[in-house]
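Let's walk through this structure together, from the overall fold down to a few individual side chains. Please have your viewer ready.

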Amino acid sequence: MFEDWPVTMDPPPRTVVDPPQPVLVDLSRLLDNRDDAFRRDAVSMRVKAEGLEFLDQVPGHLHAWARSTRGGWLALITCEVPTGNKKGRLKIRQWCPARAVTPNGQD
């Protein structure tokens with residue numbers, strides 16, 4: 001995962017979580033998509049039903065931590081994002097802000 005990121009400092013600004021740990025992922029904090037706030041009233045019911053819903057918390061797994069040059073921590077997570085009508089989902093693996101992740105004792 002970090003093969004192309006040489007580190008000479010101790011402690012390193014990254015760590016692998018092995019085995020991956022169960023977490024809750026706050027989907028509302030996962031992405032900052034400014035386009036979502038523009039004209040919500042103009043979104044069709046079809047899109048509201050079958051589009052991805054970044055609102056609630058979902059279970060996921062934490063795979064790694066990495067620190068940015070601005071000082072914040074990022075979490076590499078996997079989880080499933082549901083559609084608005086809850087009939088579909090999309091599995092994702094992505095880096096997100098640490099504030100979007102909380103420990104989840106259940107798996």
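A nonpolar core is a set of buried Ala, Val, Leu, Ile, Met, Phe, Trp, Tyr and Cys residues joined through side-chain atoms within 4.5 Å. Buried here means under 20% relative accessible area, with exposed over 50% and partly exposed in between (1.4 Å probe, protein chains only).

Before we look for such a core, a word on the source. This is a predicted model, in which local features need pLDDT of at least 70 and side-chain atom pairs count only at pLDDT 80 or more, while totals for chains, interfaces and linings use all residues. Residues are numbered from 1 along each chain as its sequence is written, and side-chain values use heavy atoms, leaving out hydrogens and water.

Start with the overall layout. The chain holds one helix and five strands, where helices (H or I, at least four residues) and strands (E, at least two) are DSSP runs numbered from the N terminus. Read from that terminus, the order is β-α-β-β-β-β. Of the 107 residues, 27% count as buried. Contact means heavy atoms within 4.5 Å, and of the contacts with a separation of 6 or more, 65% are between residues 24 or more positions apart.

Now for the core itself. The largest nonpolar core has 15 residues, and those with the most contacts inside it are V25, L27, L30, I77, C79 and C96. Strands β1 (14-26), β2 (57-67), β3 and β4 (89-97) each supply at least two of its residues. The greatest contribution is from β3, with four residues.

Which strand holds I77? I77 lies in β3, which spans residues 73-82. Why does I77 count as buried? Its relative accessibility is 0%. Beyond its neighbours within four places in sequence, I77 is in contact with ten residues you can pick out one by one: V25, L30, H61, L62, H63, I92, R93, Q94, C96 and V101. One of these partners, L30, in turn touches V25, F54, I77, I92, Q94, C96, P97 and A100, again leaving aside residues up to four places away.

Another partner of I77 is H63, which sits in strand β2. The C-alpha atoms of I77 and H63 are 5.8 Å apart, although 14 residues separate the two in sequence. H63 is buried as well, because its relative accessible area is 14%. Its contacts outside the four-place window include M1, V16, L76 and T78. With T78, the side chain of H63 also makes a polar contact of 2.9 Å; that term covers a pair of N or O atoms within 3.5 Å, where within protein one must be able to donate a hydrogen and the other to accept it, and residues adjacent in sequence count only if both atoms are side-chain atoms.
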